[in-house]
Amino acid sequence: MKILYFAWLREKLGMSEEDVDVPADVTTVEALLQWLAQRGPQFEAVLKDPTIVRVAVNQDYAHPEDPVSADDEIALFPPVTGG
Amino acid sequence: MIRVQQEDFDVGAEMAALRAGNTAIGGMAAFVGLVRDMSGGGDVSSMTLEHYPGMTEKQLQAIEDEARRRWPLQNSLIIHRYGTLEPGDQIVLVITASAHREAAFESAAFLMDWLKTKAPFWKREDGTAGGQWVEARESDDSAADRWNAKPKNG
């Protein structure tokens, strides 16, 4: 699974993207965020307040219950501030 | 039409191109967003716009498609820049063209409101107070929500 990070998430994690092998029981956005959060203190820190993190699956906004799979492009980022 | 680009744009040239050869257009509305030099944290010397290539184009196209579903537009254009910009620089351009002014005015406002809450851009301001990511504003969410409460049909 490809995961992209933007804005302060990218800065705090020190990377803009990674390829990860997630456990078979990680099948939703919510489960993915929980799994990511236990990968280390930096992940725990950026994910501790889920209300300020948005998730996109294959370039569309996703809800916690939406499915994720190994072929998906996932992105984590703060609420957008364009315009 | 949507464009995501680093380079500046010429509002007059874009408006002329959008209306060229179409005399069914009775009016056009244009909005230009600019970099301001003041924010919550002090003077801003530059702003850097990060975006999500691919998703940005996909979301802008969806926003434009929605505007053209809701209003009878002859033509429309969204240009959004990314990269490092300075106070006074142009960031975003929305132009709508229609037979009558209401559709042009309303759809331009709709495009900006939706763009601010759906297009994956993030602003980082650098200035005397250091660098900081601009936080999303609740007023932007409520501005976007008003189009859900009162859908207009031309």
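How much area does chain A expose, and what share of it do carbon and sulfur atoms supply? Chain A exposes about 4300 Å², and carbon and sulfur atoms supply 50% of that area. The model is predicted.

**Fold of chain A**

Chain A holds 3 helices and 5 strands. Read from the N terminus, the order of elements is β-α-β-α-α-β-β-β. The radius of gyration is 12 Å, close to the 12 Å that the globule rule gives for 83 residues, so chain A is as compact as a globular protein of that length. Along the principal axes, the C-alpha atoms fill a box of roughly 35 × 30 × 20 Å.

Burial comes next. Of the 83 residues in chain A, 49% count as buried. Sequence distance matters for the contacts too. Take the contacts in chain A between residues at least 6 apart in sequence: 53% of them join residues at least 24 apart.

**Charge**

Chain A carries 6 positive side chains and 15 negative ones. The centres of these two sets lie 10 Å apart.

**Two residues with positive phi**

Most residues other than glycine have a negative phi. Ala7(A) has a positive value, with phi near 55°. Asn58(A) also has a positive phi, near 50°. The table sets out the two residues.

| Residue | Phi | Place in chain A | Relative accessibility |
|---|---|---|---|
| Ala7(A) | near 55° | helix H1 (residues 7-13) | 0% |
| Asn58(A) | near 50° | loop between strand S3 (54-57) and strand S4 (60-61) | 33% |

Where does Ala7(A) sit? Its place is in helix H1, which covers residues 7-13 of chain A. Is Ala7(A) buried or exposed? Ala7(A) counts as buried, because its relative accessibility is 0% and the cut-off for buried is under 20%.

Asn58(A) belongs to a loop instead, between strand S3 and strand S4 of chain A. Asn58(A) is partly exposed, because its relative accessible area of 33% falls between the 20% and 50% cut-offs.

**Meeting chain B**

The size of an interface is often given as the accessible area lost when the parts come together. Between chain A and chain B, the buried area is about 1900 Å². Carbon and sulfur atoms give 55% of it. Which residues of chain A lose the most area to chain B? They are Gln59(A), Thr81(A) and Gly83(A). Together these residues account for 36% of what the chain A side buries. In terms of contacts, 20 residues of chain A touch 26 residues of chain B.

Note on methods
Residues are numbered from 1 along each chain as its sequence is written. Chains are lettered from A and ligands numbered from 1 in the order in which they are written. This is a predicted model: local features need pLDDT of at least 70, side-chain atom pairs count only at pLDDT 80 or more; totals for chains, interfaces and linings use all residues. Side-chain values use heavy atoms; hydrogens and water are left out. Helices (H or I, at least four residues) and strands (E, at least two) are DSSP runs, numbered from the N terminus. The radius of gyration is taken over C-alpha atoms; the globule rule is 2.2 Å times the number of residues to the power 0.38. Buried means under 20% relative accessible area, exposed over 50%, partly exposed in between (1.4 Å probe, protein chains only). Contact means heavy atoms within 4.5 Å. Accessible areas come from the Shrake-Rupley method with a 1.4 Å probe; for residues, only the protein chains shown count as cover. Lys and Arg count as positive and Asp and Glu as negative; His and the chain ends are not counted. The place of a charge is taken as NZ of Lys, CZ of Arg, CG of Asp or CD of Glu. Buried area is the accessible area (1.4 Å probe) that two parts lose on being put together, summed over both.
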